[in-house]
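Me: I would like to learn how to read a structure feature by feature. Could you take me through this one?

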Amino acid sequence: MPVGGEAREALVRELNELSLSLRGQQLATKVAHWNVKGENFLEIHELFDRVASHLEEGVDLLAERAVQLGGGARGTTAEVAAVWEVPGGGSPSESAPERTASKWIGWVVDGLRKVTARLYSGIELAARSGDPVTADLLTELARRADKDLWFLSAHLEAAE
Ligand SMILES: [Fe+2]
């Protein structure tokens with residue numbers, strides 16, 4: 001294991017924050033998956049589900065990496081709520097019947113952009129800490145999030 005001491009602790013903290021952020025966004029994406037309706041329903045409904053599964057896989061990889069680095073993995077609902085705030089706040093589910101598909105997509109895109117920005121800073125931290133394996137894991141997750149953002153944004157453009 002190449003990383004030791006304070007650098008390792010900082011990396012474990014970062015991995016946990018990322019894992020909790022991805023979990024928060026995974027839950028939000030499921031809310032969008034359930035509530036979306038309208039034109040291209042099936043495609044968007046399924047796209048949201050794929051994005052949610054990618055995030056869920058990421059949660060698992062990040063939490064397990066934190067443990068591999070000698071730390072503890074966090075993941076309770078309280079821990080997620082302490083780290084992750086849904087963009088725009090509140091629960092859009094209350095106004096779900098009136099929400100358009102573009103609004104749901106925009107909401108998921110905002111959250112996923114926030115997750116991606118955090119992954120990018122995690123990559124820098126891992127690289128600075130001399131841990132190319134963690135940097136590679138985060139890069140893979142960021143690459144996937146970027147691709148999902150591309151798919152989602154393409155739907156938004158089509159809806160405009
Ligand atoms: Fe479903």
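Reply: Gladly. Asp148 lies in helix α5, in what is a predicted model. Asp148 has a relative accessible area of 8%, so this residue is buried.

Me: Which residues line the largest cavity?

Reply: The lining is made up of Leu22, Val51, His54, Leu55, Leu112, Val115, Leu119, Leu141, Arg144, Ala145 and Asp148. So Asp148, buried at 8% relative accessible area, is one of the lining residues. Another charged side chain from that list, Arg144, is buried as well, with a relative accessible area of 18%.

Me: How many cavities of 30 Å³ or more does the count give, and what volume does the largest cavity have?

Reply: The count gives one cavity of 30 Å³ or more. The volume of the largest cavity is about 80 Å³.

Me: Which helices each supply at least two residues of that lining?

Reply: They are α2 (41-68), α4 (101-128) and α5 (132-159). Helix α5 provides the largest share, with four residues.

Me: And how does the lining divide by class?

Reply: Eight of the lining residues are nonpolar, one is polar and two are charged.

Me: Let's turn to salt bridges. How many does a search of the whole structure find?

Reply: It finds six. For each one, a good habit is to look at the distance, then at the places in the chain that are joined, then at the accessibility of both partners. One of them brings together the side chains of Glu57 and Arg144, at 3.0 Å from N to O. Glu57 belongs to helix α2 and Arg144 to helix α5, so this pair ties together parts that are 87 residues apart in sequence.

Me: Are Glu57 and Arg144 buried or exposed, or something in between?

Reply: The two partners fall into separate classes here. Glu57 is partly exposed, at 40% relative accessible area, whereas Arg144 is buried, at 18%. Remember that Arg144 is also among the residues lining the largest cavity.

Me: Which residue forms a salt bridge with Glu56?

Reply: Glu56 meets Arg23, with 3.2 Å from N to O. This pair links distant parts of the chain: Glu56 sits in helix α2 and Arg23 in helix α1 (residues 5-35), 33 residues apart. Glu56 is partly exposed at 38% relative accessibility, and Arg23 is partly exposed at 23%.

Me: Could you show me one more salt bridge?

Reply: Of course. The side chains of Glu79 and Arg74 meet at 3.9 Å, N to O. Glu79 has a relative accessible area of 25% and is partly exposed; Arg74, at 28%, is partly exposed too.

Me: Now for aromatic rings. What should I look at in a pair?

Reply: A pair of aromatic rings is described by the distance of the centres and the angle of the planes. In this structure the count comes to two aromatic pairs. In one of them, the rings of Trp104 and Trp107 have centres 5.6 Å apart and planes at 75 degrees; planes over 60 degrees apart count as edge-to-face, so that is the label for this pair.

Me: Where do Trp104 and Trp107 sit in the chain?

Reply: Both are in helix α4, three residues apart, which means that about one helical turn separates them. Trp104 is buried, with 0% relative accessibility, and Trp107 is buried at 11%.

The other pair is Trp150 and Phe151, with ring centres 5.3 Å apart and planes at 85 degrees, so this pair is edge-to-face as well. Trp150 is exposed, at 58% relative accessibility, while Phe151 is partly exposed at 34%.

Me: What about charges that sit over rings? Which ring does the charged end of Arg99 sit over?

Reply: The charged end of Arg99 sits over the ring of Trp104, 4.5 Å from the ring centre. Trp104 is thus a member of an edge-to-face pair and also has a charge over its ring. Elsewhere, Lys114 lies over the face of Trp84, at 4.3 Å from the ring centre.

Me: Last topic: how far apart are the C-alpha atoms of Glu43 and His155?

Reply: They are separated by 9.5 Å, with the two positions 112 residues apart along the chain. Glu43 is found in helix α2 and is partly exposed, with a relative accessible area of 47%. For Asp148 and Glu98, 50 residues apart along the chain, the C-alpha separation is 25 Å.

Terms used. Residues are numbered from 1 along each chain as its sequence is written. This is a predicted model: local features need pLDDT of at least 70, side-chain atom pairs count only at pLDDT 80 or more; totals for chains, interfaces and linings use all residues. Side-chain values use heavy atoms; hydrogens and water are left out. On a 1 Å grid over the protein atoms alone, a cavity is a set of points where a 1.4 Å probe fits but cannot get out, and a pocket is an open set with protein on both sides within 12 Å along at least five of seven lines; lining residues have an atom within 4 Å of a point. Grid points are joined across faces, edges and corners, and a volume is the space filled by probe spheres set on the points. Ala, Val, Leu, Ile, Met, Phe, Trp, Tyr, Cys and Pro count as nonpolar, Asp, Glu, Lys and Arg as charged, and the others, Gly among them, as polar. Rings of Phe, Tyr and Trp (its six-membered ring) pair if their centres lie within 6.5 Å; planes under 30 degrees apart count as stacked, over 60 as edge-to-face and the rest as tilted. Buried means under 20% relative accessible area, exposed over 50%, partly exposed in between (1.4 Å probe, protein chains only). A charge sits over a ring if NZ of Lys or CZ of Arg is within 6 Å of the ring centre and within 35 degrees of the ring normal. A salt bridge is a side-chain nitrogen of Lys or Arg within 4 Å of a carboxyl oxygen of Asp or Glu.
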